[in-house]
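Reader: Please take me closely through one part of this model, explaining how its backbone is arranged and what surrounds it.

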Amino acid sequence: MSEHIGLRGRAWFQALTGKNQPASGDPGTVLATEAQIGDEPALFLCVVPDPASRFPCVRDGQVGLEEAFTLAHHLRRVITEDREKPKAQKRPVIAIVDVKSQAYGRREETAGIFFAAAASADAYASARMAGHPVISLVAGQAFSGGFLTHGYQANRILSFDDSGIVIHAMHKEAAARITRRSVAELEELGHEIAPMSYDVRDYAKLGLLYKLLHVDDPLHPTTADTEAVRHDLIDAIQDARRGATDLSSWLRSDAAKQTRRAGIAVRAALEAQWQNA
Amino acid sequence: MSQTSFIPEFVSRKSFIELDGRRRAQSLFDEGTWKELVGPFDRMESPWLPRQGIAPQFDDGCVVIKGKIGGMPAVAIALEGAFQGGSIGEVSGAKMTAALDLATKDSEAGKRTAAILLLETGGVRLQEANLGLAAVAEVISSVLALRPHAPVITLIAGTVGCFGGMALAAGVSSYVVMTREARLGLNGPEVIEQESGIDEFDSSDRALIWAIHGGEQRVGMGLADALVEDDAEKIKATIRGYVQADLRPEYRSQQVELYRDRIAALDTSEQIDPLNLRQRWNNKTTGGLR
């Protein structure tokens, strides 16, 4: 599986934008370009592996310092350029997500990767709160700090319905070790406890996904697949423009009302007690 | 020094680190002004832990206290490092997000309400994995929604430290306050050693850990704003100062070009010397009271 990390991201970036190379001045690990979606331009962003990266711990598709600040750079530029435009004309942002994790490196910790990741999440959230529709397309893996840095601040998240999709807080081997289980036990548990699952259909039960998309082979997008996905992205953009600019849509779905009952009850209780405190 | 100060100061001072999360949060408020919300008697606990044979806690390891600090409305949200490593689950995450959102609502209505996050946490609770990760994304979003209206102050006192996704919440805060005993980073030393090998990070090297993640380093390199002693009165005064401070036109996590250039200037052919980096990055352009 590991040799495929990032390939899907690159394949979909190319299918949707016609481009496949980093922008001038960017590291080899970030693809960023403006391309048409429907009848408007959008900013497309993707993090990809680069075996030649000068940071050894991002070479397999992890998100590190350069990646985070490069994403933030492009996002801030678009926010600034569109500041005076009405909401309907603010460019959409499409994050294509296929990231193994955050970078697990000493260089990264020393130079404050926590802060780099925060700056990128800030830029994504700021774009959303300014009225840019921010849409994430999970094309492969979306792990932990990698997803928090690149994609999780979107107001609509779409994912392929495919066994190669993994959205999770930690990869199986590490999660098994820390929770003192075997990988087989962990997989079994996921079927009973949806938030623990590595299966995207269980993830869909959490109410965080806007839509599951079906394509034959996510590694090799056909023209028909690309057109279909483009339509789904346009639909998500329109839906985002109609909705709130916060993440409240995550809690309004029927799936969330079931799976996130406890969290929803906590919010209601806190609001009730807040007034009298 | 006065005549009586031959009794060392640390004998009479009240330690903050020795307090649990609840008492830490209480200690920040003006006397008689605070109230805990959705406390242990409300029994809102994790629905996921018992199903995995783990005892839940009636407050899910998260304490929300509302009251006044320096006469101004404020809410403190403390993660209790002694319960499940201070990890973020569905319930503790919802408490944090809801408190931040209510502070935003009051602030937008003209009643500026600051938030103080007391973070002692290893990050996402793996027994609630994806709901914990989503909760972190929501907390980050809610911090950013409040930040233009009222100060959001992260206080990391120790000794658990602040790691994982919640380190991003610290990163987007208006101000970060740390003690020398506190640590702040995305990945803890054990995780790095496990994922990238002992050559990358020797997690038994205590000096290295403090040199990289410690409060003195984070404040020294400009990624945190104030280094405080483990003294409850001094910490209370520092937090009060930030609660009362004017809002800033720009926050550190918006200074993308400055930090992008700094990363571009790093020599990555070998490991980065923390002390050298501190000297190069030490600046007065970022957050904090000056």
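Author: In the hairpin of β2(B) and β3(B), two residues lie between the strands, and Gly70(B) takes a positive phi near 60°. The model is a predicted one, in which local features need pLDDT of at least 70 and side-chain atom pairs count only at pLDDT 80 or more, while totals for chains, interfaces and linings use all residues. Residues are numbered from 1 along each chain as its sequence is written, and chains are lettered from A and ligands numbered from 1 in the order in which they are written.

Strand β2(B) covers residues 62-69 and strand β3(B) residues 72-79 (strands are DSSP runs of E, at least two residues; helices are runs of H or I, at least four; both are numbered from the N terminus). These two strands run antiparallel and are joined by eight bridges (pairing requires at least two DSSP bridges), with Lys68(B) having Pro73(B) of β3(B) as its bridge partner. β2(B) also pairs with β1(B), residues 35-37, in the antiparallel sense, here over three bridges, and Glu36(B) has Ile65(B) of β2(B) as its partner.

Because seven of its eight residues are buried (20 or more other C-beta atoms within 10 Å of the residue's own, placed from the backbone), β2(B) is largely enclosed by the rest of the structure. Elsewhere in chain B, helix α3(B), residues 90-108, is mostly covered, with 15 of its 19 residues buried, and a positive phi, near 100°, occurs at Gly110(B), which follows that helix.

Notes: The expected span of a helix is 1.5 Å times one less than its number of residues. A residue is buried if 20 or more other C-beta atoms lie within 10 Å of its own, exposed if 12 or fewer, and partly exposed in between; C-beta atoms are placed from the backbone.
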